[in-house]
Amino acid sequence: MKRIIGHFPRAVPLTMLALMAVGGQAGPALAAEASATEPLTAVRGWVPAAQPMVVRVGPGVTHLALLDAAGRPLEDKDIAAGPDGMVDIRPVFATQLNIAGTYAVAAAVRGAALGQFSGTPLIVSVRADTRRGAAPGPMVTRILPLTYARIETDLGEMMLAFYWDAAPNSAEFIARLASEGFYNGLTFHRIEKGFTAQTGDPRGDGTGGPGMALQPEFSNKTHKRGVVSLSRVTDPSEGPGVPPRPEYAATGGSQWFISLSDVATKQLDRKYTVIGRIVTGLEVLEKLEKVPVDEKHNFMPEQPVIVRRVTVVPVTANDNPYAQLREMDALTGGN
């Protein structure tokens, strides 16, 4: 039987990351309004390549660390902030921040273990222009506080760590929907044991969304158990070695699914946008698989399984699920 992951087919209308990363004023939907006394905050959320990449550091912060998307330290530098606490990190980390890629910047404790940092690190996504014939080099930088999602359900709580490097736009969109209450009270409308559990539909039947669609961000991240991906409309012509056509690939929205297998979901690799991985609360997946479903009606649970609330939470040294994400990815081959 053909698997359908998405809407019903129809017309498309440290240890400091472990931190991990991506990539001003930080978006209010992703973090509380920054205080001048916090250790590290973004001044702008979008920075053109030719302009200063300014952050604000709190009193007493004299050292910053730069890490790659896997949480490995790249550079650490002493800084001297002005009276207003402003620091241009572009010249501080000139070697890396002039290269397109995903990084994290943290207010670090010099000489301490990498897991010791102050406040919430920043995701710094240096982006090139990927259009055909575009000029080489960075075009713009996106700066956001590093966050994760706490998913509260009838069956327990899970923590979702985002793959900010693999799907920065999709991860940010889902986090924004969550922070604005979109998922509160929705259901897992499709649960197929040994395959996937799916939610995020305001209609509750697999046909709904946020009223807009996202461009795909397919990557080499694989659909291991606990991995979370965006749902989309299935292309009738896709199959092994045959990717979805653009008009089907670009139909992701608010719906996402959790892989319930390390094997059965391999067919989804590089065809769906992987946005993150469940790092705690894996026992909830076992409970989801035991929910009675109606197989004749798209594996819809016989009794609703409610997503009570999805909360977006800033990372701190004492609340950092990206440490678990790095360990889990290392144990399962890095992807």
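F188 is buried, with a relative accessible area of 1%, and this residue makes a convenient point of entry into what is a predicted model. From F188 the reader can move outward to the nonpolar core, to the helix that contributes to that core, and to a group of aromatic rings. F188 belongs to the largest nonpolar core, which has 54 residues, and within that core F188 and Y322 are the members that touch the most others. Helix 3 gives the most to this core, supplying six residues. A separate core of 22 residues lies apart from it, and M53, L66, I79 and Y103 are among its members. As a general background to such groupings, nonpolar side chains in soluble globular proteins tend to be buried together.

For the chain as a whole, the model contains six helices and 19 strands. Of the 335 residues in the protein chain, 53% are buried. The surface that the protein chain exposes comes to about 14,500 Å², and carbon and sulfur atoms account for 54% of that area.

Helix 3, the main contributor to the largest core, deserves a closer look. Helix 3 has 12 residues, and the distance from its first C-alpha to its last is 16 Å, close to the 16 Å expected at 1.5 Å a residue. Nine of the 12 residues of helix 3 are buried, so this helix is largely enclosed by the rest of the structure. The buried residues of helix 3 are P168, S170, A171, E172, F173, I174, A175, L177 and A178, a list in which E172 and S170 appear beside residues such as F173 and I174. After helix 3 comes G181, whose phi is positive, near 85 degrees.

The aromatic residues give another way of following how parts of the chain come together. The structure holds five aromatic pairs. In one of them, the rings of Y183 and W256 have their centres 6.1 Å apart and their planes at 65 degrees, and because planes over 60 degrees apart count as edge-to-face, this pair is edge-to-face. Y183 lies in the loop between helix 3 (168-179) and strand 12 (188-192), whereas W256 lies in strand 15 (residues 256-259), so the pair ties together parts that are 73 residues apart in sequence. Both Y183 and W256 are buried. F188 and W256 form a further edge-to-face pair, with 6.4 Å from centre to centre and 90 degrees between the planes. This pair also links distant parts of the chain, since F188 is in strand 12 and W256 is in strand 15, 68 residues apart. W256, which takes part in both of these pairs, counts as buried at a relative accessibility of 2%. Taken together, F182, Y183, F188 and W256 form one aromatic cluster.

Strand 15 also holds F257, which is buried with a relative accessible area of 0%. F257 and G200 are 57 residues apart in sequence, yet their C-alpha atoms are 8.5 Å apart in space.

Beyond strand 15, the loop that leads to strand 16 (274-280) contains R270. The phi of R270 is near 65 degrees, a positive value in a residue other than glycine. Most residues other than glycine have a negative phi. R270 is partly exposed, with a relative accessible area of 45%. A second case of positive phi in a residue that is not a glycine is F299, at about 55 degrees. F299 is found in the loop between strand 17 (293-294) and strand 18 (300-301), and it is buried, with a relative accessible area of 9%. R270 and F299 can thus be set side by side: the former is partly exposed, while the latter is buried.

Two side-chain arrangements involving charged or polar groups complete the tour. R232 lies over the face of Y272, at 4.0 Å from the ring centre. H63 is placed in strand 4 (residues 63-68) and is buried, with a relative accessible area of 4%. The side chain of H63 makes a polar contact with the side chain of D78, at 3.1 Å.

Technical notes
Residues are numbered from 1 along each chain as its sequence is written. This is a predicted model: local features need pLDDT of at least 70, side-chain atom pairs count only at pLDDT 80 or more; totals for chains, interfaces and linings use all residues. Side-chain values use heavy atoms; hydrogens and water are left out. Rings of Phe, Tyr and Trp (its six-membered ring) pair if their centres lie within 6.5 Å; planes under 30 degrees apart count as stacked, over 60 as edge-to-face and the rest as tilted. Helices (H or I, at least four residues) and strands (E, at least two) are DSSP runs, numbered from the N terminus. Buried means under 20% relative accessible area, exposed over 50%, partly exposed in between (1.4 Å probe, protein chains only). A charge sits over a ring if NZ of Lys or CZ of Arg is within 6 Å of the ring centre and within 35 degrees of the ring normal. Accessible areas come from the Shrake-Rupley method with a 1.4 Å probe; for residues, only the protein chains shown count as cover. A polar contact is a pair of N or O atoms within 3.5 Å; within protein, one must be able to donate a hydrogen and the other to accept it, and residues adjacent in sequence count only if both atoms are side-chain atoms. The expected span of a helix is 1.5 Å times one less than its number of residues. A nonpolar core is a set of buried Ala, Val, Leu, Ile, Met, Phe, Trp, Tyr and Cys residues joined through side-chain atoms within 4.5 Å.
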